[in-house]
Amino acid sequence: MPELPEVEALTDFLTEHLVVRRLVRVLPVAVSVLKTYDPPVTAVEGAEVTAVRRHGKFLDVETDGGLHLVAHLARAGWLQWRDRLPDGPPKPGKGPLALRVALETGEGFDLTEAGTQKRLAVYVVRDPREVPGIARLGPDPLAADFDEDRFAALLRDERRQLKGALRDQSLIAGVGNAYSDEILHAAKMSPFKLAASLTPEEVHRLYTALRDTLTEAVERSRGVAAGRLKTEKKSGLRVHGRTGEPCPVCGDTVREVSFSDSSLQYCPTCQTGGKPLADRRLSRLLK
């Protein structure tokens with residue numbers, strides 16, 4: 001799933017390739033992709049792109065007509081830039097293509113989604129806050145005003161485990177499954193530790209890990225072409241997706257807890273005092 005660093009890099013990439021250029025065609029291919037119908041998607045055709053912004057994990061293409069083309073890539077979605085779009089319209093129902101955007105220059109991009117769970121979402125709105133997912137977003141963890149006191153206040157009454165709290169977009173925007181694993185590993189904390197139980201020193205450690213992990217990932221992704229961002233993300237991860245490999249910090253074996261539709265990875269030595277977490281959905285916190 002693209003998370004804050006990858007969406008930030010895509011925002012930079014699209015800013016360079018879209019701003020001051022005109023959209024000539026926005027073509028939904030998958031039936032499920034378009035989530036709004038008024039204004040119609042055709043309303044942005046002929047408009048000039050004035051800015052590209054990020055809201056959490058949402059991409060926002062702003063046009064001079066006052067409309068926004070907003071996309072959320074969900075778990076299996078991606079953006080593929082094309083210096084030259086194929087001639088002729090794509091065939092619906094064939095392959096992973098969900099939506100195609102064409103520019104007056106002949107360039108454009110495809111939004112694609114692998115797998116059978118079609119969750120990629122596109123909206124055409126007058127205000128990004130009309131998108132329910134954006135309206136619910138918590139603060140951006142890389143914003144200048146997101147200081148340690150604000151972070152501590154968010155966690156103070158949070159009764160969930162840290163893994164779930166970090167992934168909650170209404171609490172903190174932009175962090176998903178992969179970077180929550182990386183943040184907790186950097187902070188040397190169990191994913192099952194209760195957020196409200198953190199001491200001031202632990203809050204400081206987690207805040208520092210949150211900011212540093214995301215900032216470093218953004219810097220690694222900056223300037224990377226859209227087609228290479230997935231590879232760049234994977235290469236920078238220390239524990240997520242590395243079950244069975246040695247921890248790069250202590251050498252212990254990275255372990256996994258599996259759930260019905262996802263999994264988390266962690267290092268027992270670095271994060272749980274050497275004790276493995278039970279690999280079942282209702283795992284209890286091991287201190």
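## A guided tour from helix 3 to helix 1

Begin by selecting Arg150, which is found in helix 3, and keep in mind throughout the tour that the model on your screen is a predicted one. Arg150 counts as partly exposed, at 35% relative accessibility. If residues up to four places away in sequence are set aside, Arg150 touches Pro139 and Asp145. You may also like to select Val7 together with Arg150, since the two are 143 residues apart in sequence and 24 Å apart in space, C-alpha to C-alpha.

Stay with helix 3, which covers residues 148-156, and select Phe151 within that helix. Add Phe146 to the selection and look at how the two side chains are placed: is each of them buried or exposed? Both Phe146 and Phe151 are buried. Now add Tyr207, and turn the view until the ring of Phe151 and the ring of Tyr207 can be seen together; they form an aromatic pair that is tilted, with 5.9 Å from centre to centre and 45° between the planes. This pair links distant parts of the chain, because Phe151 lies in helix 3 while Tyr207 lies in helix 6 (residues 200-221), 56 residues apart. Tyr207, like Phe151, is buried, and with all three residues selected you have one aromatic cluster, made of Phe146, Phe151 and Tyr207.

Tyr207 has brought you to helix 6, so next show helix 5 (residues 177-187) beside it, and look along the place where the axes of the two helices come within 8 Å and cross at roughly 125°. At that angle helix 5 and helix 6 are oblique to each other, and helix 5 passes helix 6 in a right-handed crossing. To see what makes the contact, select Tyr179, Glu182, Ile183, Leu184, Ala186 and Ala187 on helix 5, and then Arg205, Leu206, Ala209, Leu210, Thr213, Leu214, Ala217 and Arg220 on helix 6. Colour these residues by class, and the contact shows ten nonpolar, one polar and three charged residues.

For the last stop, select Glu6, whose place is in helix 1 (residues 4-18). Which residues are in contact with Glu6, leaving aside its neighbours within four places in sequence? They are Met1, Trp78, Tyr179, Leu229 and Lys233, and Tyr179 is a residue you have already selected on helix 5. Glu6 has a relative accessible area of 1%, and because buried means under 20%, Glu6 counts as buried.

Note on methods: Residues are numbered from 1 along each chain as its sequence is written. This is a predicted model: local features need pLDDT of at least 70, side-chain atom pairs count only at pLDDT 80 or more; totals for chains, interfaces and linings use all residues. Side-chain values use heavy atoms; hydrogens and water are left out. Buried means under 20% relative accessible area, exposed over 50%, partly exposed in between (1.4 Å probe, protein chains only). Rings of Phe, Tyr and Trp (its six-membered ring) pair if their centres lie within 6.5 Å; planes under 30 degrees apart count as stacked, over 60 as edge-to-face and the rest as tilted. Helices (H or I, at least four residues) and strands (E, at least two) are DSSP runs, numbered from the N terminus. Axes are lines fitted to C-alpha atoms, for helices over the stretch in contact, and angles run from 0 to 180 degrees between N-to-C directions. Angles under 35 degrees count as roughly parallel, over 145 as roughly antiparallel, 65 to 115 as roughly perpendicular and the rest as oblique. A crossing is left-handed if the near helix is turned anticlockwise from the far one by less than a right angle, and right-handed if clockwise. Contact means heavy atoms within 4.5 Å. Ala, Val, Leu, Ile, Met, Phe, Trp, Tyr, Cys and Pro count as nonpolar, Asp, Glu, Lys and Arg as charged, and the others, Gly among them, as polar.
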